[in-house]
Amino acid sequence: MKTVEELVDQMKRSEDLQDDVRGIFAEFLLSQAEEDDEEKPEQGTGMGTNSIRLNNGVDIPIIGFGTYKTTVKDGYKVISDAISVGYRHLDTAALYENEEDVGKAIRESGIPREEFFVTSKLARYALGYENAKREFETSLQKLGLEYMDLYLIHWPRPDYGDPNYDDWVALDRESWRAMEELYEAGKIRAIGVSNFLTHHLEKLLENAKVVPAVNQLELHPGYLQEDTVSFCRDHGIAVEAWSPNGRARLADNPLLLELAEKYQTSVPAVCLSFGLQSGYIILPKSTHPDRMKENLLADRLILEDADMQKIQKMPQAGWSGEHPDQETVQI
Ligand SMILES: NC(=O)c1ccc[n+]([C@@H]2O[C@H](COP(=O)([O-])OP(=O)(O)OC[C@H]3O[C@@H](n4cnc5c(N)ncnc54)[C@H](OP(=O)(O)O)[C@@H]3O)[C@@H](O)[C@H]2O)c1
């Protein structure tokens, strides 16, 4: 923890004042949080816990660190920073090409493996029974782990234009069968899916022995995928939010700016609190330790019901342009 003098000095030297002011605010909140925690054992303001229980009894931290595009320059450092500021839930994928960095950062943290919750994903170009088995072992080897906490089918069908694009029902069924076997063999603590809409889930459930524990979806203010979320809730499938900040595309949204002003906080903090209060597990990503810390404090901001409703009703905004059944649209 920096002294007040050091923080003031940092602020004076800063070329990017706005970000640093936010970082200092996060430091202040963290120091308040530490004081609070000495008085009451539970973390968070209103949620009372920082984990939820999946449908198979496994606990998952409600805030995970998203690692997509952290490898462009220095993935290992970014992931190590995230662990240093307190993240124990790390979200990676074969596609992100940073599983080695995630594994190395875990090992070199000196923190016991069991304290981490590690997710990786089966890439859409590798769907199918044999592929899934092989890809899982490759991911596990790259991570340098003996087991994975959560393994997801990344997308329900191959990429648009792939020759196997229309064979998605059989590919999903066979991938899932392989994952069920790995789960039953104790190599994965929970299995799930990502970007599965209701019709993909319905087809998967026709043959599944294990109901997916999780569905990871693009979810943020302005993109709520309500039908799929409701289907997941009805079937005991926990919902994870990818791009919970809308990958910074919501920074200028008038409603979110108004709410950030009202609660004296930032637009990302409003987005993340909205995600948690909606019952999602959130996976924010940042390359800046100050922002990582701010994001970890998301459960300390409680939005009023009326403000939650305003966000629920806002028009579509911040969409990535990605849809499981369509060609990606450049936004
Ligand atoms: N299953 C899937 O198909 C899928 C798809 C996409 C993503 N994901 C997962 O979801 C994770 C998160 O999604 P995402 O990376 O797309 O987007 P995101 O977390 O919504 O947003 C990341 C962007 O917001 C900025 N940011 C983060 N915290 C901030 C803060 N407190 N103040 C200001 N700016 C902030 C980051 O900038 P800086 O880095 O410069 O701080 C970055 O530009 C991914 O990393 C990945 O693990 C999954």
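Student: Which element of the protein chain has the lowest mean pLDDT?
Tutor: This is a predicted model, in which local features need pLDDT of at least 70, side-chain atom pairs count only at pLDDT 80 or more, and totals for chains, interfaces and linings use all residues. Residues are numbered from 1 along each chain as its sequence is written. Here pLDDT is the predictor's confidence in each residue, from 0 to 100, while helices (H or I, at least four residues) and strands (E, at least two) are DSSP runs numbered from the N terminus. Strand 7 (residues 188–194) has the highest mean, 99, and the lowest, 42, belongs to helix 1 (residues 4–13).

Student: Over which residues is the pLDDT below 50?
Tutor: The protein chain averages a pLDDT of 89, and 85% of the residues score at least 70. One stretch scores below 50, and beyond near neighbours in sequence it has 37 contacts in the model (C-beta atoms, placed from the backbone, within 7 Å). Where pLDDT is low, the predicted coordinates should not be read in detail. The stretch covers residues 1–49.

Student: In what order do the strands of the open sheet lie?
Tutor: The protein chain has 12 helices and 10 strands. Two strands pair if DSSP finds at least two bridges between them. The edge strands, strand 3 (65–66) and strand 10 (281–282), each pair on one side only. Eight strands with parallel pairing form the sheet, in the order 3-4-5-6-7-8-9-10.

Student: Why is strand 9 described as largely enclosed by the rest of the structure?
Tutor: A residue is buried if 20 or more other C-beta atoms lie within 10 Å of its own, exposed if 12 or fewer, and partly exposed in between, with C-beta atoms placed from the backbone. Ala238, Glu240 and Trp242 point one way from strand 9, and Val239 and Ala241 the other way. Strand 9 is largely enclosed because, of its five residues, the number buried is five.

Student: Which residue of strand 10 is the bridge partner of Glu240?
Tutor: Strand 9 (residues 238–242) is joined to strand 10 by two bridges in the parallel sense, and to strand 8 (residues 214–218) by five, also parallel. On the strand 8 side, Leu217 stands opposite Ala241. In strand 10, the partner of Glu240 is Ile281.

Student: Which helix gives the most residues to the largest nonpolar core?
Tutor: A nonpolar core is a set of buried Ala, Val, Leu, Ile, Met, Phe, Trp, Tyr and Cys residues joined through C-beta atoms within 7 Å. The largest has 78 residues, and Ala241 is among those with the most contacts inside it. Not counting residues up to four places away in sequence, Ala241 touches eight residues, including Leu217, Tyr280 and Ile282. The helix that gives the most to this core, with seven residues, is helix 10.

Student: Is Gln225 buried, partly exposed or exposed?
Tutor: Gln225 sits in the loop between strand 8 and helix 8 (226–234). Leaving aside neighbours within four places in sequence, Gln225 is in contact with Leu217 and Leu219. With 18 other C-beta atoms within 10 Å, Gln225 is partly exposed.

Student: How many residues surround the ligand?
Tutor: A residue is near a molecule if its C-beta atom, placed from the backbone, lies within 6 Å of it. The closest include Gly66 and Trp242, and helix 11 (residues 289–296) gives the most to the shell, with three residues. The number of residues around the ligand is 26.

Notes. Two residues are in contact if their C-beta atoms, placed from the backbone, lie within 7 Å.
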